[in-house]
Amino acid sequence: MMNFKTGFLYTALSTVFVAIQFLFFIKGSTILTSMDFGGWTFFIASCISHAAMFALIPFIFVYVPLALLRLWKIGGSLMVGLMSILSVLIFLDMQVYDIYRFHINGFILNMVFSSGATEIFTFDTILYIKEIGLFLVFVICHIVLWILACRWTDMFSKKLVWVTFCLMIGTTLYAHCFHIYASFRQQPSVMKCRRLLPYYFPTTAYSLMTKMGFEAPVDNGTDKLGVVEGDVVYPLHSIEADTSGCHPNIVMILIDSWNPRTLTEKCMPNTYQYAKASRWYQNHFSCSNGTRSSIFGLFFSVPSYYWDVFEASHQSPVFIDEMLRQNYQCQVYPSATLQSPPFQRVVFHHIKGLHVSTEGKSIYDRDVNITENFLKELPQYVASGRPFFSMLFYDMAHGMEIPKELNNHFQPAWDFADYSRLSNTTDPMPFFNLYQNCCYLIDVQINRVLTALKDAGIEKNTIVLITGDHGQEFNENKKNYWGHNGNFSRWQVCVPLVVHNPQVDEHPVKYVHRTTHYDIIPTLMQEALGVTNSIADYSVGHLLNDTQPRRWHVVGSELNYAFIIDGDTILEKTADGGLEVTDAQMNPIDNYRINTKEFNEAIIRLNRYMK
């Protein structure tokens, strides 16, 4: 006789079945070489807990309500049907992951149902028969599980129900708690296998672990961690360089959340004049709308899609490694801490004596202090006779927090960023004036840096690059978007870029062709470090002065990313796996059909560094 225990027993049995399916995701994967005992226990627990989550949803929201109405057979039939469909989708997702290294999402569905799908996929009669047969096999398997559940119901005591439920909860807690520790300690086996499961997001708590006194492993140039063999090849070939020429210093100045509308003579007079005397790229796009992915993409010159696998492999940017190989002195001057996001261990972990944070009671104090710290250490760089790389990262434009007495260059201006006052009808000017006042003060600090380089007599042997990590929107599209991390339109990913290389630049130039953050490192690798490799060995970008179109420009993270294509049409894969298509002004484009051939080529380029 069917009852609630029957439904729960079937849920338990189908959890085991689906968990076994999840286990097969690791079959044939390069991740197998990195697995250890901790990795296997985490992966198995993750498979069980993730399967339990999927199985409990139809039990709670379908079977239980129908069981309360005494509709046992209908509830059981729906449970079997839903779990059969889930098993088929998991099998198809495994095939998609083997090809594209990501799980089924809106891009894949759009491709499959587009008119050009036959250029990539073969939809013949045999395939349809195979898929129908596959579905029937999974249906039969789940029918058998249901029959077993019905037969074993009487033997399944209430105590056993609670034990089974506790096992589900226990594996979930273990998987998430162990991941908190393992990801903080950078355990490769755990960090790599977590991305195998579709839409599985284990918990992290970097800040909490730090506050509790745990220390993350950071080699800071000692090579204690090394590069773990795994599922990426970056660079594709060993870096080779002609080091016979002059080694220029490199100073990179970054402004967190920089809106291009502020690079004017009134708002940022010093930077504006410097831009007019340099290479000024006026159609430059970042590689994300947030700091984490933008900084990763800038330094690695590949999309933040690779963050997890690079972090797990302890991979360092080839740009930084090559500078260190060529005896550069490298240092970072951050206003905000490098521990969250964990740039300290993902991007800069080979730099000895890294400045992880800067003292200061306010953002303004810290921005002033990073300038002071650079100016104090500059004479040491010059005296050493070795080339140096320095990055100064200003935060005022992001935090929009400045002393009240300095908030007066643009008026009227808000005293602070009060996001509760924002709506689609809010007058943006007072808020934008606060932001402009922040940029005005950053400009003062930038001028101090530029003046110091000139006074030190190294201006003609120093490449200076000024840009932002990402944009900052003030409802320019009239869609009630403010700030960043909200969409991938121009106002959240477009930033100014100014490059001054005295050894190359003969006269100032304003460039209007599309350039991206992925182009910065290839340009520096060739112009400053003499690297002779093909750019494709370590970057998805081009040289900044290369005018070829940046089609299918990828922005965002592995969870939420987009391709920006012709006319700045945005194809966004949302966090829940859906596909949203909008024009440059964030207006929805209905019934959009992806060019299947071009998308497939873009994905192949994206996966260039995957084994």
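Modeller: Before we look around, one definition: helices (H or I, at least four residues) and strands are DSSP runs, numbered from the N terminus. And keep in mind that this is a predicted model.

Colleague: Okay, then where does Pro-412 lie?

Modeller: In the loop between helix H15 (396-399) and H16. Gln-411 and Pro-412 are joined by a cis peptide bond, with omega at about 0 degrees. There's another cis bond between Tyr-234 and Pro-235, where omega is about -5 degrees. Pro-235 sits in the loop between helix H8 (206-211) and E1.

Colleague: What makes cis bonds worth pointing out?

Modeller: Most peptide bonds are trans, and most residues other than glycine have a negative phi. On the phi side, look at Ser-257: its phi is positive, about 65 degrees, although it is not a glycine. You'll find Ser-257 in the loop between E1 and H9.

Colleague: Now H9 and H16. Why is H9 called oblique to H16?

Modeller: The axes of helix H9 (residues 269-276) and H16 cross at roughly 55 degrees. Under 35 degrees would count as roughly parallel, and 65 to 115 as roughly perpendicular, with over 145 being roughly antiparallel; what's left is oblique. The crossing angle therefore makes H9 oblique to H16. Their axes come within 7 Å of each other.

Colleague: Which residues in H9 meet H16?

Modeller: Pro-269, Asn-270, Thr-271 and Tyr-274 do, and across from them in H16 are Tyr-440, Asp-443, Ile-446, Asn-447 and Leu-450. Sorted by class, that contact has five nonpolar, three polar and one charged residues.

Colleague: What lines the second largest cavity?

Modeller: Tyr-274, Leu-450, Leu-453, Glu-459, Thr-462 and Val-464. Helix H16 (429-455) and strand E6 (462-468) each supply at least two residues of that lining. The volume is about 40 Å³.

Colleague: How do you know that four of those lining residues are nonpolar?

Modeller: Tyr, Leu and Val count as nonpolar, Glu counts as charged, and Thr falls among the others, so it is polar. That gives four nonpolar, one polar and one charged residues in the lining.

Colleague: And how many cavities of 30 Å³ or more turn up?

Modeller: Two, in a search of the whole structure. About 40 Å³ of space lies in the largest cavity, whose lining includes Phe-285, Arg-490 and Asp-568.

Colleague: Let's do sheets. What makes E4 and E10 edge strands?

Modeller: The order of the seven strands in this open sheet is E4-E5-E1-E6-E9-E2-E10, with mixed pairing. Strand E4 (329-334) and strand E10 (509-511) each have a single partner strand, so one side of each is left without a neighbour in the sheet. From one strand to the next, the twist averages 10 degrees.

Colleague: How do you know that E4 and E5 count as paired?

Modeller: Two strands pair if there are at least two bridges between them. E4 and strand E5 (residues 388-394) have six, in the parallel sense. Gln-329, for one, stands opposite Phe-388 in E5.

Colleague: And the four-strand sheet: which strands stand at its edges?

Modeller: The order is E12-E13-E14-E15, and the pairing is antiparallel. Strand E12 (553-556) and strand E15 (579-582) stand at the edges, each with a single partner strand, so each has one side without a neighbour in the sheet. Further in, strand E13 (residues 561-564) and strand E14 (residues 570-573) pair over four bridges, and Tyr-561 has Lys-573 in E14 as its bridge partner.

Definitions and conventions. Residues are numbered from 1 along each chain as its sequence is written. This is a predicted model: local features need pLDDT of at least 70, side-chain atom pairs count only at pLDDT 80 or more; totals for chains, interfaces and linings use all residues. Side-chain values use heavy atoms; hydrogens and water are left out. Axes are lines fitted to C-alpha atoms, for helices over the stretch in contact, and angles run from 0 to 180 degrees between N-to-C directions. On a 1 Å grid over the protein atoms alone, a cavity is a set of points where a 1.4 Å probe fits but cannot get out, and a pocket is an open set with protein on both sides within 12 Å along at least five of seven lines; lining residues have an atom within 4 Å of a point. Grid points are joined across faces, edges and corners, and a volume is the space filled by probe spheres set on the points. Contact means heavy atoms within 4.5 Å.
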